[in-house]
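Trainee: Could you take me through one part of this model slowly? I would like to see how two helices meet.

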Amino acid sequence: MLDPRSISRPVYTALNTIATQAANDQGRRDEQYGQAVELYTYLATWGLIRLKAEENALGQEGKKQVVQRFFSVLQEVSHTQGLAEAGGVQVLLGMNSSQYLGLTGLGLQVAREFAFWAGAIY
């Protein structure tokens, strides 16, 4: 039986941790909020590989922290090793189409949780 908290718990913990770390930096908190809300749309439009590839190119630290936490949570809930690491793109490229589509569906659900919790945390 799937416990609905299995996704919301790590997402809440991840967002709450980085929000607390940026408690005295409103600019960074604004970046985190915006990225958390936009994750679902970005992922639905461009996909996991593009999001992972752009993780290092993000110049705003607040946005980068959210993307890093997103892949950490997705790695945790999907039990996909190496996804949150620097070589995560290679992990995604090495999947067959069924694995990638399944992980994308789970990623969309995780992204929805980020948007949901962003409103409550920020």
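Mentor: Happy to; we will go through one helix pair, then a residue in a loop, and end with confidence.

Keep in mind that this is a predicted model. Start with helix α1, which covers residues 5-21, and helix α6, which covers residues 97-121. Their axes come within 9 Å and cross at roughly 50°. An angle counts as oblique if it is neither roughly parallel (under 35 degrees), roughly perpendicular (65 to 115) nor roughly antiparallel (over 145), and α1 and α6 are therefore oblique to each other. The crossing of α1 past α6 is right-handed.

Now find the side of each helix that takes part. From α1, the contact uses Ile7, Ser8, Val11, Tyr12, Leu15, Asn16 and Ala19. Facing them, α6 brings Leu106, Gln109, Val110, Glu113, Phe114, Trp117, Ala118 and Ile121. Sorted by class, this contact holds eleven nonpolar, three polar and one charged residues.

Next, move to the loop that joins α3 (48-54) to α4 (61-78), where you will find Glu55. Is Glu55 buried or exposed? Its relative accessibility is 6%, so Glu55 counts as buried, the cut-off being under 20%. Which residues does Glu55 touch, once neighbours within four places in sequence are set aside? They are Lys64, Val67, Gln68 and Phe71.

Finally, a word on confidence. The chain has a mean pLDDT of 95, with 98% of its residues at 70 or more. Confidence is lowest in α1, at a mean of 95, while helix α5 (residues 88-93) has the highest, at 97.

Terms used:
Residues numbered from 1 in each chain as written. Predicted model: local features only at pLDDT ≥ 70, side-chain atom pairs only at ≥ 80, totals over all residues. Heavy atoms only, no water. Axes fitted to C-alpha atoms, helices over the stretch in contact; angles between N-to-C directions. Helix = DSSP H or I, 4+ residues; strand = E, 2+ residues; numbered from the N terminus. Left-handed = near helix turned anticlockwise from the far one by under 90°. Contact = heavy atoms within 4.5 Å. Nonpolar A, V, L, I, M, F, W, Y, C, P; charged D, E, K, R; others polar. Buried < 20%, exposed > 50% of the residue type's maximum accessible area, 1.4 Å probe, protein only. pLDDT = per-residue confidence, 0-100.
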